[in-house]
Amino acid sequence: MFRHCYLWVIACVLTSCARPAYQEQGWASYIADHYAGRMTSSGQPYYPQSYTAAHTSLPFGTEVSVKNLYTGRSVTVVVTDRFPYYPGRVINLSRAAAQYIGIPNMQLAQVEVKAYKLPYGGQ
């Protein structure tokens, strides 16, 4: 019994210590609702109620964890779009994802973005 618990604890510790494949801090904004239904750079339509994001360089399909450094709340989103470079801006979130981590309507928040695994063949 204790052997199984010990192995489980070791596995949890090792996976929680995994270094991210990608990590950065900066500003997050969110994508306006008037883009709803329009095609993203990946060819998928944008839906404000989905948990997606736009990033300048991460491959499409990358799952990233976005943590609001003020509220401490985190959300996992999938990169489906691109956005133009803005100094200090690291990610644009869908409305649902931004609201979940406490970014007020049409405002910015300081965030930490982490990806633990990058998909192959992404753009």
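Strands count as paired here when DSSP finds at least two bridges between them. Keep that in mind for the views below, which all show a predicted model.

**Figure 1. Overview of the protein chain, with two helices and six strands.** Starting from the N terminus, the order of elements is α-β-β-β-β-β-α-β. Of the 123 residues in the protein chain, 34% are buried. The protein chain exposes about 7,800 Å², and 57% of this area comes from carbon and sulfur atoms. Among contacts between residues at least 6 apart in sequence, 74% link residues at least 24 apart. The close-ups that follow show some of the pairings and side chains in turn.

**Figure 2. Strand E1 and its two partners, E6 and E5.** Strand E1 covers residues 22–30, and seven bridges join it to E6, residues 109–115. These two strands run antiparallel. To find your way along this pairing, start at tyrosine 22, whose bridge partner in E6 is alanine 115. With E5, residues 89–93, strand E1 pairs in the parallel sense over four bridges. Here a handy landmark is alanine 28, which has isoleucine 91 as its bridge partner in E5. Serine 29 offers another landmark, standing opposite asparagine 92 in E5.

**Figure 3. Asparagine 92, a buried residue in strand E5.** Why does asparagine 92 count as buried? Its relative accessibility is 10%, and the cut-off for buried is under 20%. The strand around this residue fits the picture: four of the five residues of E5 are buried, so the strand is largely enclosed by the rest of the structure. Look next for the polar contact of 2.3 Å between the side chains of asparagine 92 and serine 29. Setting aside neighbours within four places in sequence, asparagine 92 is in contact with Ser29, Ile31, Thr52, Ala53, Ala54 and Phe83.

**Figure 4. Strand E2 and its pairings with E4 and E5.** Which strand pairs with E2 in the parallel sense? That partner is E4, residues 74–81, and the pairing has three bridges. The pairing of E2 with E5 is antiparallel and has two bridges. Alanine 53 is a good residue to centre on for both pairings, since its bridge partner in E4 is valine 79, while in E5 leucine 93 stands opposite alanine 53. As a general reminder for reading such views, side chains in a regular strand alternate between the two faces of the sheet.

**Figure 5. The hairpin of E3 and E4, with glycine 72.** Strand E3, residues 63–68, pairs with E4 in the antiparallel sense over five bridges. Within this pairing, serine 65 faces threonine 76 of E4 as its opposite residue. How many residues lie between the strands of this hairpin? There are five, and glycine 72 takes a positive phi near 80°.

**Figure 6. Two aromatic pairs, found in a search of the whole structure.** In one pair, the ring centres of tyrosine 51 and tyrosine 100 are 6.3 Å apart and the planes meet at 80°, so the pair is edge-to-face. Tyrosine 51 belongs to the loop between E1 and E2, whereas tyrosine 100 belongs to helix H2, so the pair ties together parts that are 49 residues apart in sequence. Both rings come from partly exposed residues: the relative accessible area is 37% for tyrosine 51 and 38% for tyrosine 100. The other pair joins phenylalanine 83 and tyrosine 86, with centres 6.4 Å apart and planes at 15°, so this pair is stacked. Phenylalanine 83 counts as buried because its relative accessibility is 9%, whereas tyrosine 86, at 38%, counts as partly exposed.

**Figure 7. Arginines over aromatic rings: arginine 82 with phenylalanine 60 and arginine 89 with tyrosine 86.** The charged end of arginine 82 sits over the phenylalanine 60 ring, 4.3 Å from the ring centre. Over the face of tyrosine 86 lies arginine 89, at 4.7 Å from the centre of the ring. You have met this tyrosine 86 ring already, in the stacked pair with phenylalanine 83.

**Figure 8. Glutamine 99 in helix H2.** Helix H2 covers residues 95–100, with glutamine 99 among them. Is glutamine 99 buried or partly exposed? Its relative accessibility is 47%, so glutamine 99 counts as partly exposed. For a sense of distance, its C-alpha atom is separated by 9.9 Å from that of valine 75, and the two residues are 24 apart along the chain.

Methods. Residues are numbered from 1 along each chain as its sequence is written. This is a predicted model: local features need pLDDT of at least 70, side-chain atom pairs count only at pLDDT 80 or more; totals for chains, interfaces and linings use all residues. Side-chain values use heavy atoms; hydrogens and water are left out. Buried means under 20% relative accessible area, exposed over 50%, partly exposed in between (1.4 Å probe, protein chains only). Contact means heavy atoms within 4.5 Å. Accessible areas come from the Shrake-Rupley method with a 1.4 Å probe; for residues, only the protein chains shown count as cover. Rings of Phe, Tyr and Trp (its six-membered ring) pair if their centres lie within 6.5 Å; planes under 30 degrees apart count as stacked, over 60 as edge-to-face and the rest as tilted. A charge sits over a ring if NZ of Lys or CZ of Arg is within 6 Å of the ring centre and within 35 degrees of the ring normal. A polar contact is a pair of N or O atoms within 3.5 Å; within protein, one must be able to donate a hydrogen and the other to accept it, and residues adjacent in sequence count only if both atoms are side-chain atoms.
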